[in-house]
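Hello, and thanks for sharing this one. Here are a few points to read alongside the viewer.

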Amino acid sequence: MKISLLNKSLYLLLSLSLFIGFYFGEDSSGSGGHIADFNNTWQLVLNFQKSLFIDFTEWIIIFPLHYIILSKIQSLVHDKYLLRLLYCLISLVIPYLFYVCLKNKFEKEDKNLLYLFSLIIFLLPSFRSGAIWANSQITGLIFFLLSLFFFTKWIKKKDFNDINLDLFLQIVFMSLAVYTRQLYAVVFLYFVFLYYKKLKFKKFYLSSVIIFLFALPGIFLVFNFPLTLSVTFDNRFYNSILVDSSIISFYLIPIYFSLFFDKKINLNFKDKKRIIASFFSLIVVLILSQYFNYNFRLGGGFFLKLSVILFDNFYLFFLSSFIGLFLLLLLSFEDKDNFLLILLLLCAFTGFYIAQKYFEPMFLLILFLVFETKISYKFFSNFKHTYFYYCYILIYFISAVINDIFKITKNI
């Protein structure tokens with residue numbers, strides 16, 4: 001099936017919107033954070049042009065692969081503005097890579113529907129800001145999607161008897177993703193669990209050796225630059241669980257909402273699993289909310305900010321946390337492996353600063369390409385679910401642009 005002219009036109013239109021955002025210096029992801037990241041690390045990019053063996057921890061505490069790549073591009077273009085423009089062009093491949101991965105996994109679904117949904121990435125503020133300001137998120141997303149491309153091929157074929165090319169390449173690109181943004185290590189850990197579960201012992205041992213070899217540069221960096229081990233870790237898990245589940249709920253709510261009203265999913269609370277999920281989620285939120293003391297000025301996600309702006313309290317935020325935990329538990333009931341991945345996601349982001357951009361669009365990619373769930377198949381059974389999601393994300397994007405202009409959340 002060929003991609004329709006309408007979908008191709010939409011791709012061009014959304015690409016154009018990205019370059020319009022580039023012209024105006026858009027940072028809709030939040031109050032100049034991407035702009036500051038780019039400007040504050042520019043000297044590091046220039047220094048990497050002279051030598052790769054420098055102490056980069058003066059500027060960053062993450063692995064420096066993205067900045068090394070930027071330095072190589074800068075050596076070719078010799079201009080800060082042109083480098084950003086070229087990176088914005090490179091970012092246009094990300095929605096297409098998402099489509100290819102979706103096509104791998106959902107072979108029987110309408111290709112035009114999958115293509116249309118993949119373009120929603122263009123409306124996500126975190127992606128747009130990262131593309132416009134040559135952020136490490138774009139580099140990480142490219143490597144992450146390439147890894148997921150080979151992962152979806154590998155898991156679909158169920159070829160678990162050998163270390164084949166699909167398995168090898170997903171390890172390679174996931175390693176590169178981690179060297180770009182350490183948060184992808186969460187998914188890498190889950191992949192290792194799947195290797196252990198599906199591969200025979202000798203093959204799993206061999207895959208572990210390959211992973212260890214790719215980990216050697218990281219071990220070298222950690223040994224020589226211990227600051228790369230430092231994270232914004234906070235042992236107040238009651239804050240993190242509530243914030244993480246609230247942010248994740250933002251992406252799950254429109255999916256379940258559209259499926260519920262289309263009668264594609266039954267949320268009957270008389271069902272035993274749903275009773276357990278709702279009861280457990282309610283108890284967790286009621287208990288943790290008593291200790292909640294997160295600084296809402298430091299990230300926290302859409303619902304936390306909205307709750308403070310509209311009601312000057314956290315009640316809407318706590319409701320979103322409850323919904324997030326409830327829906328995540330429903331996903332874990334579908335497949336026990338989902339529970340491990342959910343646990344990793346909730347435990348990985350435990351800092352005193354938790355931003356929505358950490359999950360965007362990573363969680364959407366994980367939901368549709370990694371999780372084992374019937375929800376995604378039901379979602380792609382009808383175009384109207386995607387139309388509804390577009391409306392939802394468009395409102396989110398417009399609110400983000402308004403916030404970027406008037407600095408609403410920065411002044412609360």
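1. First, a word on naming: helices here are DSSP runs of H or I with at least four residues, numbered from the N terminus. Please keep in mind that this is a predicted model.

2. With that naming in hand, have a look at the surface. Ile 309, Leu 310, Phe 311, Leu 394, Ile 398, Ile 402, Ile 405, Phe 406 and Ile 408 make up a nonpolar patch there, and together they have about 850 Å² of accessible area. Two or more residues each come from helix H15 (302-311) and helix H20 (383-406). The most is given by H20, with 5 residues.

3. Within that patch, is Phe 406 buried or exposed? This residue belongs to helix H20. Phe 406 counts as exposed because its relative accessibility is 58%, and the cut-off for that label is over 50%.

4. Gln 170 is worth a click too. It sits in helix H10 (residues 165-180) and is buried, since its relative accessible area is 0%. Its side chain makes a polar contact with the side chain of Tyr 195, at 2.9 Å. Leaving aside residues up to four places away in sequence, Gln 170 touches Ser 147, Phe 150, Phe 151, Trp 154, Phe 191 and Tyr 195.

5. Finally, Leu 70, which lies in helix H4 (residues 65-77). Leu 70 is buried, with 2% relative accessible area. Beyond residues up to four places away in sequence, Leu 70 touches Val 45, Leu 83, Tyr 87 and Ala 134. Its C-alpha atom is separated by 27 Å from that of Gly 299, a residue 229 residues apart from Leu 70 along the chain.

Notes. Residues numbered from 1 in each chain as written. Predicted model: local features only at pLDDT ≥ 70, side-chain atom pairs only at ≥ 80, totals over all residues. Heavy atoms only, no water. Buried < 20%, exposed > 50% of the residue type's maximum accessible area, 1.4 Å probe, protein only. Polar contact = N/O pair within 3.5 Å; in protein donor to acceptor, adjacent residues only side chain to side chain. Contact = heavy atoms within 4.5 Å. Patch = residues over 30% accessible without salt bridge, like charges linked within 9 Å, V, L, I, M, F, W, Y side chains within 5 Å. Areas by Shrake-Rupley, 256 points an atom, 1.4 Å probe, with all protein chains shown as cover. Salt bridge = Lys/Arg side-chain N within 4 Å of Asp/Glu carboxyl O.
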